[in-house]
Amino acid sequence: MYQVQTLSGSPAQIGTGTLVSLAQPYITTAYNRYGQPLYLITVLGQVFANANQSIAVTPRLLPNNQVQIDLNQSHDTLSGNARYPINTQGLSTTLNIARGQWVTVGSVSQSSINNTAGYGYQQSNQTTQMPIQIRVD
């Protein structure tokens with residue numbers, strides 16, 4: 001179990017990400033003195049983009065001994081589109097919970113497929129799921 005702690009009014013975040021390398025073409029045309037195009041120049045530049053999955057919480061202690069939680073979740077995926085390479089989805093919500101109470105706000109799942117070749121072909125699938133829970137004291 002992983003644990004992140006914070007104070008009232010201060011955000012806490014946990015996540016994972018991938019840095020994606022993208023080639024970006026820059027095309028320029030050279031002209032002669034009469035304004036006619038002579039040739040095209042194409043330069044490939046390297047751009048890096050972040051694809052993240054994260055959850056962030058900001059707790060605030062309320063006068064009625066409850067805690068208000070601002071919850072923000074983001075999920076980036078690669079789109080396969082050269083112009084817009086990353087799709088971003090997000091969710092924001094607010095929860096009021098009692099102190100000392102555990103609240104499940106989601107889960108993280110990881111899947112793996114193992115292939116084995118030899119005298120026969122064998123494939124095994126394994127999925128691990130871990131809940132994301134919040135507790136305030």
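Where is Gln66 found? Let us work towards that and a few other points together. This is a predicted model, in which local features need pLDDT of at least 70 and side-chain atom pairs count only at pLDDT 80 or more, while totals for chains, interfaces and linings use all residues. Residues are numbered from 1 along each chain as its sequence is written, and side-chain values use heavy atoms, with hydrogens and water left out.

**Exercise 1. Place Gln66 and list its partners.**

Step 1. Gln66 is found in strand β3. Helices (H or I, at least four residues) and strands (E, at least two) are DSSP runs, numbered from the N terminus.

Step 2. Gln66 has a relative accessible area of 27%, so it is partly exposed. The classes are buried (under 20% relative accessible area), exposed (over 50%) and partly exposed (in between), with a 1.4 Å probe and protein chains only.

Step 3. Setting aside neighbours within four places in sequence, Gln66 is in contact with Arg60, Leu61, Asn96, Ile97 and Ala98. Contact means heavy atoms within 4.5 Å.

Step 4. For one of these partners, look at the backbone: the C-alpha atoms of Gln66 and Ile97 are separated by 5.7 Å, although the two residues are 31 apart along the chain.

**Exercise 2. Describe the overall fold and its extent.**

Step 1. Count the elements: there are zero helices and six strands. From the N terminus on, they run β-β-β-β-β-β.

Step 2. Now turn to the radius of gyration, which is taken over C-alpha atoms and set against a globule rule of 2.2 Å times the number of residues to the power 0.38. The protein has a value of 24 Å, well over the 14 Å that the rule gives for 137 residues, so it is more spread out than a compact globule.

Step 3. The C-alpha trace spans about 80 × 60 × 20 Å along its principal axes.

Step 4. Buried residues make up 17% of the 137 residues. The protein exposes about 10800 Å², with carbon and sulfur atoms supplying 50% of it; accessible areas come from the Shrake-Rupley method with a 1.4 Å probe, and for residues only the protein chains shown count as cover.

Step 5. Of the contacts between residues at least 6 apart in sequence, 48% join residues at least 24 apart.

**Exercise 3. Find the salt bridges and say what they connect.**

Step 1. Apply the rule: a side-chain nitrogen of Lys or Arg within 4 Å of a carboxyl oxygen of Asp or Glu. The count comes to two salt bridges.

Step 2. One of them joins Asp70 and Arg60, with the closest N and O atoms 2.5 Å apart. Asp70 lies in strand β3 and Arg60 in strand β2, so this pair ties together parts that are ten residues apart in sequence. Asp70 is partly exposed at 21% relative accessible area, and Arg60 is partly exposed at 35%.

Step 3. Arg135 and Asp137 also meet in a salt bridge, at 3.0 Å from N to O. Here Arg135 is partly exposed, at 39%, whereas Asp137 is exposed, at 63%.

**Exercise 4. Follow strand β2 and the loop after it.**

Step 1. Begin with Gly45, which has its place in strand β2. Gly45 counts as buried at 18% relative accessibility. The C-alpha atoms of Gly45 and Ser74 are separated by 28 Å, and these residues are 29 apart along the chain.

Step 2. Move on to Thr58, in the same strand β2 (residues 37-61). Thr58 is buried, because its relative accessibility is 13%. Beyond its neighbours within four places in sequence, the contacts of Thr58 are Gly9, Ser10, Pro11, Gln68, Ile69 and Asp70.

Step 3. Asn65 sits in the loop between β2 and β3 (66-78). Its phi is near 70°, a positive value in a residue other than glycine. Most residues other than glycine have a negative phi. Asn65 is partly exposed, with 46% relative accessibility.

**Exercise 5. Judge the confidence of the model.**

Step 1. Use pLDDT, the predictor's confidence in each residue, from 0 to 100. The mean is 82, and 92% of the residues reach 70 or more.

Step 2. Among the elements, strand β1 (residues 12-31) has the lowest mean pLDDT, 78, and strand β4 (residues 86-98) the highest, 91.

Step 3. Keep in mind that where pLDDT is low, the predicted coordinates should not be read in detail.
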